[in-house]
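Work through the exercises below with the sequence and the model side by side. Each task is followed by a solution in steps.

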Amino acid sequence: MVQPEHIIQNKIRLALSANQCTVFRINVGKVRLPDGTLFQTGVPRGYPDLSGFRWSDGRAFFIEVKTQTGRPRQDQIQFHRMLTSHGIVHGIARSPEDAVKIVKEGLVGYGFN
């Protein structure tokens, strides 16, 4: 049985917190304004699900959470390319173990093709 993404995300948050990291879940949403237009709140499209920093050195990281079969969208791939160009720790985590590996080893682009 494939675990839903939100369950994997919660397990990742716990695992990273247990490994001396501060983790933030990123929320986004849309609100319909009185004139009928949509206003999108939050971060830019493609921004990863989780971000945070390691306590040991303050290094920032970004984690895109996916199920075992989930694939990154084009906007997520673009965000990945930007992070890669700056050498930022980030990757796709399909399990808590993936996330801890990305952060502990300082991997850049783990899980992206």
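Buried means under 20% relative accessible area, exposed over 50%, and partly exposed in between, with a 1.4 Å probe and protein chains only. Helices (H or I, at least four residues) and strands (E, at least two) are DSSP runs, numbered from the N terminus. The model is predicted: local features need pLDDT of at least 70 and side-chain atom pairs count only at pLDDT 80 or more, while totals for chains, interfaces and linings use all residues. Residues are numbered from 1 along each chain as its sequence is written, and side-chain values use heavy atoms, with hydrogens and water left out.

**Exercise 1. Compare the end-to-end distance of α2 with its expected span, then sort its residues into buried and exposed.**

Step 1. The expected span of a helix is 1.5 Å times one less than its number of residues. Helix α2 covers residues 74-85, twelve in number, and should span 16 Å; its end C-alpha atoms lie 17 Å apart, which agrees.

Step 2. Asp75, Gln76, Phe79, His80 and Leu83 are the buried residues of α2. Down the helix axis these buried residues of α2 fall within an arc of 145°, so they line one face. The arc is that of the directions from the helix axis to the C-beta atoms.

Step 3. An α-helix has 3.6 residues a turn, so residues three or four places apart point the same way.

Step 4. Gln78, Arg81 and Ser85 are exposed on the other side of α2.

Step 5. Contact means heavy atoms within 4.5 Å. The cover over the buried residues of α2 includes β5 (60-65), β6 (89-93) and β7 (108-110). Just after the helix, Gly87 takes a positive phi of about 65°.

**Exercise 2. Repeat the analysis for α1.**

Step 1. Helix α1 has 14 residues and reaches 20 Å from first C-alpha to last, close to the 20 Å expected at 1.5 Å a residue.

Step 2. Its buried residues are Ile8, Gln9, Ile12, Ala15 and Leu16. Their arc, seen down the axis of α1, is within 130°, so they line one face of the helix.

Step 3. His6, Leu14 and Ala18 are exposed on the face of α1 turned away from the buried side.

Step 4. The buried residues of α1 pack against β1, β4, β5, β6 and α3.

Step 5. Gln20 lies in the loop between α1 (5-18) and β1 (21-25). Although Gln20 is not a glycine, it has a positive phi of about 55°.

**Exercise 3. Which way do the residues of β6 point, and which strands pair with β6?**

Step 1. Five of the five residues of β6 are buried. Val89, Gly91 and Ala93 point one way, His90 and Ile92 the other. In a regular strand the side chains alternate between the two faces of the sheet.

Step 2. Two strands pair if DSSP finds at least two bridges between them. β5 and β6 run parallel and are joined by five bridges. Within this pair, Glu64 stands opposite Ile92. The chain goes from β5 through α2 to β6, and this β-α-β crossover is right-handed. Right-handed means that, with the strands pointing away from the viewer, the path from the first strand over the helix to the second runs clockwise.

Step 3. β6 and β7 are also parallel, over two bridges, and His90 stands opposite Val108 in β7. The unit made by β6, helix α3 (residues 96-105) and β7 is left-handed.

**Exercise 4. Give the strand order of the sheet and place α2 and α3 on it.**

Step 1. The sheet is open, has five strands in the order β1-β4-β5-β6-β7, and shows mixed pairing. Its edge strands, β1 and β7, each pair on one side only. From one strand to the next the twist averages 20°.

Step 2. α2 packs on the sheet, touching β5, β6 and β7, and its direction makes about 150° with that of β6. α3 also packs on the sheet, touching β1, β4 (50-54), β5, β6 and β7, at about 165° to the direction of β6. Axes are lines fitted to C-alpha atoms, for helices over the stretch in contact, and angles run from 0 to 180 degrees between N-to-C directions.

Step 3. In α3, the buried residues include Pro96, Asp98, Ala99, Val100, Ile102 and Val103. Just after α3, Gly106 has a positive phi of about 65°.
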